[in-house]
Structure formats: structure tokens, C-alpha cells
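This briefing sets out the main computed features of a single protein chain. The sequence and model are shown first.

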Amino acid sequence: FYEAALFGGYQFMEKKPFLRQLGVLDESVSAQPSVVIPNYMNAATNCMAGSKFYSVCCMNECEPLLKTLEQHVGAPGALPGTIVEVVERLPSST
């Protein structure tokens, strides 16, 4: 499954109604809908297996990094230079 994505074979095929139902579609600008990436990545549809009682999902290693970035920026947007400054100081092995 993941090997195809490494070579450009994976394409996102979800339709707007499905993305809307997941809560990942931002339609605040109706002419330019977009996907809220953190919501998409953490959606149950990205889990590998499950039932009505449990889900087998991978830990999102980016979550602590995004939390730190959001805390330092403290706004819905920031200049690229500000983001770079924060990202350069993030405690990450990647």
C-alpha cells in the first residue's frame, strides 16, 4: 500500500461530501475549499484496522511538534520567517 506512494502512485480520491462528513473540509472560502491537514491525518479512515469496539491507528509523531509550533506562533497564521525560526528549534530527530 505505502510503496505506491513512494513512487508517486498514490492519489487522494475522496469526494467533497465524504471529506465534509469527516470534518476535514474547510469551506470558509467557497470558491477555494481546502482540507484541514491535521483533521485529515487524524481521521479514523487513516487507521489500519478496527471494529466498532476499537481502532488500530499509528501514533502521530507530528502532534507534539505542531503543538509547540502553535504555542509559539499563537495566531492562525504567521510569516514564513517566524515559522522557520520556531521549526529550527523543535526537538526532533527528523
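The points below concern a predicted model and are grouped by topic.

The chain of 94 residues has 10% of its residues buried. Its secondary structure amounts to five helices and four strands. The topics that follow are the overall fold, one salt bridge, the second largest pocket, and selected residues in helices H2 and H4.

**Overall architecture**

- Read from the N terminus, the order of elements is α-α-β-β-α-β-β-α-α.
- Among contacts in the chain with a separation of 6 or more, 14% join residues that are 24 or more positions apart.
- The accessible surface of the chain is about 8000 Å², and carbon and sulfur atoms contribute 59% of that surface.

**Salt bridge**

- The structure contains one salt bridge.
- Its partners are Arg20 and Glu27, whose closest N and O atoms lie 2.9 Å apart.
- Arg20 is classed as partly exposed because its relative accessibility is 42%, a value between the limits of 20% and 50%.
- Glu27 is likewise partly exposed, with a relative accessible area of 35%.

**Second largest pocket**

- The second largest pocket encloses about 170 Å³ of space.
- Its lining consists of Pro38, Leu66, Leu69, Glu70, Val73, Ala75, Pro76, Gly77, Ala78 and Ile83.
- Helix H4, which spans residues 63–73, supplies the largest share of this lining, with four residues.
- By class, the lining comprises eight nonpolar residues, one polar residue and one charged residue.
- Glu70 is the charged member, because Glu counts as charged, and Gly77 is the polar member, because Gly counts as polar.

**Leu19 in helix H2**

- Leu19 is located in helix H2, which covers residues 16–22.
- Leu19 has a relative accessible area of 9% and is therefore buried, the cut-off being under 20%.
- Apart from its neighbours within four places in sequence, Leu19 contacts Glu14, Val24, Leu25, Val35 and Tyr40.
- One of these partners, Tyr40, is 21 residues away from Leu19 along the chain, and the two C-alpha atoms are 8.3 Å apart.

**Leu65 and Glu63 in helix H4**

- Leu65 is part of helix H4.
- With a relative accessible area of 22%, Leu65 is partly exposed, because a buried residue must be under 20%.
- When neighbours within four places in sequence are set aside, Leu65 is in contact with Leu90, Pro91 and Ser92.
- The C-alpha atoms of Leu65 and Val87 are separated by 8.4 Å, and these residues are 22 positions apart along the chain.
- Glu63 also belongs to helix H4 and is partly exposed at 38% relative accessibility.
- Glu63 and Pro38 are 25 residues apart in sequence, with a C-alpha to C-alpha distance of 8.5 Å.
- Pro38 is also among the residues lining the second largest pocket.

Definitions and conventions
Residues are numbered from 1 along each chain as its sequence is written. This is a predicted model: local features need pLDDT of at least 70, side-chain atom pairs count only at pLDDT 80 or more; totals for chains, interfaces and linings use all residues. Side-chain values use heavy atoms; hydrogens and water are left out. On a 1 Å grid over the protein atoms alone, a cavity is a set of points where a 1.4 Å probe fits but cannot get out, and a pocket is an open set with protein on both sides within 12 Å along at least five of seven lines; lining residues have an atom within 4 Å of a point. Grid points are joined across faces, edges and corners, and a volume is the space filled by probe spheres set on the points. Helices (H or I, at least four residues) and strands (E, at least two) are DSSP runs, numbered from the N terminus. Buried means under 20% relative accessible area, exposed over 50%, partly exposed in between (1.4 Å probe, protein chains only). Contact means heavy atoms within 4.5 Å. Accessible areas come from the Shrake-Rupley method with a 1.4 Å probe; for residues, only the protein chains shown count as cover. A salt bridge is a side-chain nitrogen of Lys or Arg within 4 Å of a carboxyl oxygen of Asp or Glu.
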